[in-house]
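Dear colleague,

Please find below the sequence and structure that I am handing over to you. My notes on what was found follow directly after.

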Amino acid sequence: MAAGKTLNERDAKLVKWLGEAHGKEAELEADLTAHIAQTQKQAYKKRLQQHLKETRDHKRRVAARIKQLGGATELL
């Protein structure tokens, strides 16, 4: 959290929910990475790699929003 900034109730809930979403994105990232490693079909692998790229971007944007609200991102 930013020095001296206390989250109001709304922002605290939002940060909590975004933290949960960030965790799910991290889980999906790990699952996709493992699935890509096991996939032989190139067209399917290419789509999984695109999904992984989108997932990483979404995880990054969620973390940025948490930080913007004043939440802690170093624990994510």
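I begin with a pair of charged side chains: D11 and R10 meet in a salt bridge, with N and O 2.7 Å apart. The two partners differ in their surroundings, since D11 counts as buried at 9% relative accessibility, whereas R10 is exposed, with a relative accessible area of 60%. Please bear in mind throughout that this is a predicted model.

Overall architecture

The protein chain has two helices and zero strands. Of its 76 residues, 25% count as buried. The chain exposes about 5,600 Å², and carbon and sulfur atoms supply 55% of that area. Among contacts between residues at least 6 apart in sequence, 58% join residues at least 24 apart.

Helix α1

R10 has a further role at the start of the helix. N8 caps the N-terminal end of α1, where a side-chain oxygen of N8 lies 3.2 Å from the backbone nitrogen of R10. The 30 residues of α1 should span 44 Å at 1.5 Å a residue, and the end C-alpha atoms are 44 Å apart, so the two values agree.

The buried residues of α1 are D11, V15, L18, H22, E25, E29, L32 and I36. They pack against α2. The spacing of such positions can be read against a general property of helices: an α-helix has 3.6 residues a turn, so residues three or four places apart point the same way.

The connection between the helices

T39 lies in the loop between α1 and α2. Is T39 buried or exposed? The cut-off for a buried residue is under 20% relative accessible area; T39 has 8% relative accessibility and therefore counts as buried. Leaving aside neighbours within four places in sequence, T39 is in contact with Y44, K45 and L48. Two of these contact partners, K45 and L48, are listed among the buried residues of α2.

Helix α2

Helix α2 covers residues 42–69. It has 28 residues and reaches 41 Å from its first C-alpha to its last, close to the 40 Å expected at 1.5 Å a residue. Its buried residues are K45, L48, L52, T55, V62, A63, I66 and L69, and these pack against α1 (9–38). Just after α2, G70 takes a positive phi of about 105°.

The nonpolar core

Which residues make up the largest nonpolar core? There are five: V15, L18, V62, I66 and L69. Both helices contribute, with α1 and α2 each supplying at least two residues of this core. The largest share, three residues, comes from α2.

Salt bridges

The structure holds eight salt bridges, including the D11 and R10 pair described above. Another joins R56 and E29, whose closest N and O atoms are 2.7 Å apart. This pair links distant parts of the chain, as R56 is in helix α2 and E29 in helix α1, 27 residues apart. R56 counts as partly exposed at 42% relative accessibility, while E29 is buried, with a relative accessible area of 15%. E29 and R56 also belong to a network of salt bridges that includes K59.

A further salt bridge is formed by R47 and E54, with the closest N and O atoms 3.9 Å apart. R47 counts as partly exposed at 44% relative accessibility. E54 is found in helix α2 and is likewise partly exposed, with a relative accessible area of 38%. The C-alpha atoms of E54 and E29 are separated by 9.6 Å, although the two residues are 25 residues apart along the chain.

Points to take away

When you open the model, three places may serve as a guide. The first is the set of buried residues of α1 that pack against α2. The second is the nonpolar core of V15, L18, V62, I66 and L69. The third is the salt-bridge network of E29, R56 and K59.

With kind regards

Note on methods:
Residues are numbered from 1 along each chain as its sequence is written. This is a predicted model: local features need pLDDT of at least 70, side-chain atom pairs count only at pLDDT 80 or more; totals for chains, interfaces and linings use all residues. Side-chain values use heavy atoms; hydrogens and water are left out. Helices (H or I, at least four residues) and strands (E, at least two) are DSSP runs, numbered from the N terminus. Buried means under 20% relative accessible area, exposed over 50%, partly exposed in between (1.4 Å probe, protein chains only). Contact means heavy atoms within 4.5 Å. Accessible areas come from the Shrake-Rupley method with a 1.4 Å probe; for residues, only the protein chains shown count as cover. The expected span of a helix is 1.5 Å times one less than its number of residues. A nonpolar core is a set of buried Ala, Val, Leu, Ile, Met, Phe, Trp, Tyr and Cys residues joined through side-chain atoms within 4.5 Å. A salt bridge is a side-chain nitrogen of Lys or Arg within 4 Å of a carboxyl oxygen of Asp or Glu. A polar contact is a pair of N or O atoms within 3.5 Å; within protein, one must be able to donate a hydrogen and the other to accept it, and residues adjacent in sequence count only if both atoms are side-chain atoms.
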